[in-house]
Amino acid sequence: LSVQLDGYALSERVLVSAPQSDVDKDVLATTLPLHDAHAARLELTLHYELRFRSVQHVSLVAPCWVVNKTGLPLSVKQEGAAHGFQRDERDVVVEIVCENQRRSTLFHDFSADGLENDVGAFSDEMMNTRYHSLASVWLPAGWKWIDEGWSRHLDAHTDRDGWQYATTWTSGWAGAAAPLAHVRRRRWRRRRCRVAAVAAMSDEDLTKMSVGELRDVISAAGVSSSDCLEKSD
């Protein structure tokens, strides 16, 4: 038996039928993996039932799968889960995490004390997901960090250390601490790459990347530049 679903490549062939005397010898497949264009794995489970003492009934079961035909980006998240999956994400994504601090009055220092029950010492930009530290930021399966570590985001709207200040978490952010500024955040950036993306990249995708970006993506996939030169020869 082999299976092909919309959005997935044809699966490998597995054995689902054998003489009755061999059924108890674990010769029949119990799972059947499928893979989409991003190498994401959907594992189907096979259930067997003997009917009328001679007919083997096979059922294919999957937890769920989603086929997006809207033409729009679609993000899927399991109920109660902290993270979602978006198959329309680019092959290289900049992950942004905010470091959050608060102070009681103008005469107190900023700190993360007490934020574990609020927005968290670290969070995403929307403050929906909290982290204990940068090291605890979740990396989705099938992805690998390109950058060795996190770097502070600095621009004209931050101070020299990358902090932005506001009166509350939902008010506008400024690059300087006003007397009524009771909270502040600092954005940290780190790039991640889809591991299976390098082999699937088109010439058009490659020409849009800078030399540094291309070198980083190749390194993240575990391939050296010399390997690429040898293969091209």
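Buried here means under 20% relative accessible area and exposed means over 50%, with partly exposed in between. With that in hand, here's a quick tour of the charge pairs and cysteines in this predicted model. Glu125 has a relative accessibility of 36%, so Glu125 counts as partly exposed. The structure holds 7 salt bridges, and the count of disulfides comes to 0.

**Glu125 and its partners**

- Glu125 pairs up with Arg187 through a salt bridge, at 3.6 Å from N to O.
- That pair links distant parts of the chain: Glu125 is in the loop between β7 and β8 (130–131), while Arg187 is in strand β12 (residues 183–194), and the two are 62 residues apart.
- Arg187 comes in at 14% relative accessibility, which is under 20%, so Arg187 counts as buried.
- Glu125, at 36%, is partly exposed, so this bridge joins a partly exposed residue to a buried one.
- There's a third member to keep in view: Asp155 is linked with Glu125 and Arg187 in a network of salt bridges.

**Asp147 and Arg191**

- Strand β12 also carries Arg191, which forms a salt bridge with Asp147, their closest N and O atoms being 2.7 Å apart.
- Asp147 sits in the loop between β9 (143–145) and β10 (151–152) and Arg191 in strand β12, so the bridge ties together parts that are 44 residues apart in sequence.
- Asp147 has 21% relative accessibility, so Asp147 falls in the partly exposed class.

**Asp118 and Arg102**

- The side chains of Asp118 and Arg102 make a salt bridge too, at 2.8 Å from N to O.
- Arg102 belongs to strand β6, and Asp118 to the loop between β6 (92–102) and β7 (122–123); they are 16 residues apart, and the pair links distant parts of the chain.
- How accessible is Asp118? Its relative accessible area is 31%, so Asp118 is partly exposed.
- Arg102 is partly exposed as well, with a relative accessible area of 30%.

**Cysteines**

- A disulfide is a covalent bond between the sulfur atoms of two cysteines.
- How many disulfides turn up here? The count is 0, going by a cut-off that puts the two cysteine sulfur atoms within 2.5 Å.
- Is Cys98 buried or exposed? With a relative accessible area of 0%, Cys98 is buried.
- Cys193 is at 2% relative accessibility, so Cys193 counts as buried too.

Technical notes. Residues are numbered from 1 along each chain as its sequence is written. This is a predicted model: local features need pLDDT of at least 70, side-chain atom pairs count only at pLDDT 80 or more; totals for chains, interfaces and linings use all residues. Side-chain values use heavy atoms; hydrogens and water are left out. A salt bridge is a side-chain nitrogen of Lys or Arg within 4 Å of a carboxyl oxygen of Asp or Glu. Helices (H or I, at least four residues) and strands (E, at least two) are DSSP runs, numbered from the N terminus. Buried means under 20% relative accessible area, exposed over 50%, partly exposed in between (1.4 Å probe, protein chains only).
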